[in-house]
Amino acid sequence: MLACLSVTGHQDETRTAYDGVVELYASMFADRLETQPFSRNMIGTFAELVRGTGNPRAADVGCGPGHLTAMLHELGLDAFGLDLSPGMVEHARRAHPTLRFDEARMEALPVEDAALGGILAHYSMIHTPPGELPALLAEQVRVLAPGGLLLVSFFGTDGPEPIRFDHKVAPAYSWPADRFAGLLAEAGLVPFARLLHDPASERGFLDTHLLARRP
């Protein structure tokens, strides 16, 4: 059964904000992580592990302009992209016409139960208020097959609580890695690997990547 939840105010604001920066955003990430070796190698590890499950079907959730969806495809996955922003989806379809891209919200994915070998959520959960994150993670678990993997990347903080900050596109949240890993476990996933590194950003956040598996 597919989930169906109402669009909340912050989602409307986020969708409008990303629709307004499609071309700029796409140009900023045109190098497809060539200058971000940690992120690139975590995605490579994720793709290798998903292939190992025998189910290569994978969703790039919050795919933006589709650059990472294309990367997953090149890494051997049957990848497709989903995004809240119709402008981003339109750009992704133009840029990668052989791949599938659809509009969708992360808490209401147009995917059957237990259908996916993997989900990539690359900085796409950062705009979700902390109180709404458990429902969003439950939806990722719903569509993952047993043994399927989730790679989620976000801005990390050393403090005990998530911190709201003014992201350049829309308000966002940074998270302590342990707190986010705890939410993954509460959703029914088993976190088994993490990578934190300092990107020397002006905000001082850590780039954080967590890998988790559905039992």
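Biologist: Let's start with L195: which strand is it in?
Modeller: Keep in mind that this is a predicted model. One edge strand of the sheet covers residues 190–197, and L195 has its place in that strand. The strand is β8.

Biologist: And does L195 count as buried, partly exposed or exposed?
Modeller: Its relative accessibility is 22%. Buried would need under 20% and exposed over 50%, so L195 counts as partly exposed.

Biologist: What does L195 touch, leaving out residues up to four places away in sequence?
Modeller: Two of its partners are F38 and M42. The others sit at 207 to 209, and β9 spans residues 206–213. Also in that strand's range is L211, whose C-alpha atom is 8.9 Å from that of L195, with their places 16 residues apart along the chain. So, going by heavy atoms within 4.5 Å, the full set for L195 is F38, M42, D207, T208 and H209.

Biologist: H209 caught my eye there. Is it buried or exposed?
Modeller: H209 is found in strand β9. Its relative accessible area is 1%, and the limit for buried is under 20%. That makes H209 buried.

Biologist: Which side chain does the H209 side chain make a polar contact with?
Modeller: Beyond its neighbours within four places in sequence, H209 is in contact with a list of residues including S39, Y123, L151, V152, S153 and H197. For the polar contact, the two side chains come to 2.7 Å, and the cut-off for such a pair is within 3.5 Å. The partner is S153.

Biologist: Which residue stands opposite S153?
Modeller: S153 belongs to β5, and β4 runs parallel to β5, joined by 6 bridges. The residue facing S153 in that pairing is H122.

Biologist: How many of the 13 residues of β5 are buried?
Modeller: The strand β5 covers 144–156. It is largely enclosed by the rest of the structure, because the number of its residues that are buried is 11.

Biologist: Zoom out for me. In what order do the 7 strands of the open sheet come?
Modeller: The pairing in this sheet is mixed. The edges are β3 (100–103) and β8, each of which pairs on one side only. Neighbouring strands are turned by 15 degrees against each other on average, direction ignored. Reading across, the order is β3-β2-β1-β4-β5-β9-β8.

Biologist: At the β3 end, which residue in β3 does L82 stand opposite?
Modeller: L82 falls within β2, residues 78–83, and β2 pairs with β3 in the parallel sense over 4 bridges. Across from L82 in β3 stands D102.

Biologist: Which helix lies across β2 and β3?
Modeller: This helix covers residues 86–95 and runs at about 170 degrees to β3. Another helix, α6 (133–143), packs on the sheet against β1, β4 and β5, its direction making about 145 degrees with that of β5. The one across β2 and β3 is α5.

Biologist: Now the interior: which residues have the most contacts inside the largest nonpolar core?
Modeller: That core has 37 residues. Among the elements giving it two or more residues are β5, α7 (177–186) and β9. V152 touches M125, F180 and L184, among others. The residues with the most contacts inside the core are M125, V152, F180 and L184.

Biologist: How many residues are in the second, separate core?
Modeller: Among its members are A58, L77, L120 and L151. Of these, L151 also appears in the contact list of H209. The count for this second core is 16 residues.

Biologist: Any backbone oddities? Where does Y123 lie, given its positive phi?
Modeller: Most residues other than glycine have a negative phi. Y123 has a phi of about 55 degrees although it is not a glycine, and with a relative accessible area of 16% it is buried. Its place is the loop between β4 and α6.

Biologist: What about A114, is it buried or partly exposed?
Modeller: A114 sits in the loop between β3 and β4, and its phi is also positive, near 50 degrees. Its relative accessible area is 35%, so A114 is partly exposed.

Terms used:
Residues are numbered from 1 along each chain as its sequence is written. This is a predicted model: local features need pLDDT of at least 70, side-chain atom pairs count only at pLDDT 80 or more; totals for chains, interfaces and linings use all residues. Side-chain values use heavy atoms; hydrogens and water are left out. Two strands pair if DSSP finds at least two bridges between them. Axes are lines fitted to C-alpha atoms, for helices over the stretch in contact, and angles run from 0 to 180 degrees between N-to-C directions. Buried means under 20% relative accessible area, exposed over 50%, partly exposed in between (1.4 Å probe, protein chains only). A polar contact is a pair of N or O atoms within 3.5 Å; within protein, one must be able to donate a hydrogen and the other to accept it, and residues adjacent in sequence count only if both atoms are side-chain atoms. A nonpolar core is a set of buried Ala, Val, Leu, Ile, Met, Phe, Trp, Tyr and Cys residues joined through side-chain atoms within 4.5 Å.
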